[in-house]
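Welcome! Here is a short briefing to help you find your way around this structure. Keep the view open beside you as you read.

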Amino acid sequence: MKKPITLTVNGAARHDEVEPRMLLVHYLRDVLGLTGTHVGCETSICGACTVILDGQSVKSCTMFAVQADGANVTTIEGMAASGDLHPVQEGFWEQHGLQCGYCTPGMIMSAAQMLDRNPDPTVDQIRHGLEGNLCRCTGYQHIVEAVQYAARKMKDQAATGD
């Protein structure tokens, strides 16, 4: 028997009925068509499915959609504002922080949430903050540099009021 859920996804109110066993990642991808959130390991290890739920990064592959009832969810599709990339997205672009790109949406979501908590992280704090996200292509140096880029950009924007 389907259950009604109401939530806000990327700023838009949604009302749907879902099977209680439907995972949040499948709701986002299959019901809403937001395919930027990837299905990776389905065991909460790789982080490809990371979204921000009520200000916290969560692995949407181990959470039921009904658990998100009443929540505010942001996916990678909701990061860019008015056509401008979010500073973390821009950092990944400018610092070559991606290889195949499969892990990138989850990395960006985790990095954005980390920078909300700590706008001036050290390299060790960035590496620790991204521990729940795996890149299977290569090392993490460019990803760390992308987050550092985003931190600088966000600090500059805060200083200038942009």
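Helices here are DSSP runs of H or I with at least four residues, and they are numbered from the N terminus. With that in hand, a first landmark is His96, which comes just after H2 and takes a positive phi of about 55°. Please keep in mind that this is a predicted model. The points below go from the sheet to the helices that pack on it, then to helix H2 and the salt bridges.

**The sheet**

- Five strands make up an open sheet with mixed pairing, and their order is E2-E1-E5-E3-E4.
- The edges are held by strand E2 (12-18) and strand E4 (56-59); each has a single partner strand, so one side of each has no neighbour in the sheet.
- From one strand to the next, the twist averages 40°.
- Strand E3 (residues 50-53) and strand E5 (residues 72-74) run antiparallel and are joined by two bridges.
- If you would like to find this pairing in the view, look for Leu53, whose bridge partner in E5 is Val73.

**Helices on the sheet**

- Helix H1 (residues 24-31) packs on the sheet, where it touches strand E1 (3-9), E2, E3 and E5.
- The direction of H1 makes about 105° with that of E2.
- Helix H3 (residues 104-117) also packs on the sheet, and its contacts there are with E3, E4 and E5.
- The direction of H3 makes about 35° with that of E3.

**Helix H2 and its surroundings**

- Helix H2 covers residues 87-94.
- Six of its eight residues are buried, so H2 is largely enclosed by the rest of the structure.
- The buried residues in H2 are Pro87, Val88, Gln89, Glu90, Gly91 and Phe92.
- What do the buried residues of H2 pack against? Their packing partners are H3 and H5.
- Glu90 has a relative accessible area of 17%, and it counts as buried because the cut-off is under 20%.
- Leaving aside neighbours within four places in sequence, Glu90 is in contact with Leu85, Tyr149 and Lys153.

**Salt bridges**

- How many salt bridges are there? The count comes to three.
- One of them joins Lys153 and Glu90, with the closest N and O atoms 3.0 Å apart.
- Lys153 sits in helix H5 (residues 141-160) and Glu90 in helix H2, so this pair ties together parts that are 63 residues apart in sequence.
- Within this pair, Lys153 is partly exposed at a relative accessible area of 26%, whereas Glu90 is buried at 17%.
- Another salt bridge is formed by Asp120 and Lys155, whose closest N and O atoms are 3.4 Å apart.
- This pair links distant parts of the chain, 35 residues apart: Asp120 is in the loop between H3 and helix H4 (123-129), while Lys155 is in helix H5.
- Lys155 counts as partly exposed, with 45% relative accessibility.
- The side chains of Asp16 and Arg14 also meet in a salt bridge, at 3.0 Å from N to O.
- Is Asp16 buried or exposed? At 16% relative accessibility, Asp16 counts as buried, and its partner Arg14 is partly exposed at 29%.

Key: Residues are numbered from 1 along each chain as its sequence is written. This is a predicted model: local features need pLDDT of at least 70, side-chain atom pairs count only at pLDDT 80 or more; totals for chains, interfaces and linings use all residues. Side-chain values use heavy atoms; hydrogens and water are left out. Two strands pair if DSSP finds at least two bridges between them. Axes are lines fitted to C-alpha atoms, for helices over the stretch in contact, and angles run from 0 to 180 degrees between N-to-C directions. Contact means heavy atoms within 4.5 Å. Buried means under 20% relative accessible area, exposed over 50%, partly exposed in between (1.4 Å probe, protein chains only). A salt bridge is a side-chain nitrogen of Lys or Arg within 4 Å of a carboxyl oxygen of Asp or Glu.
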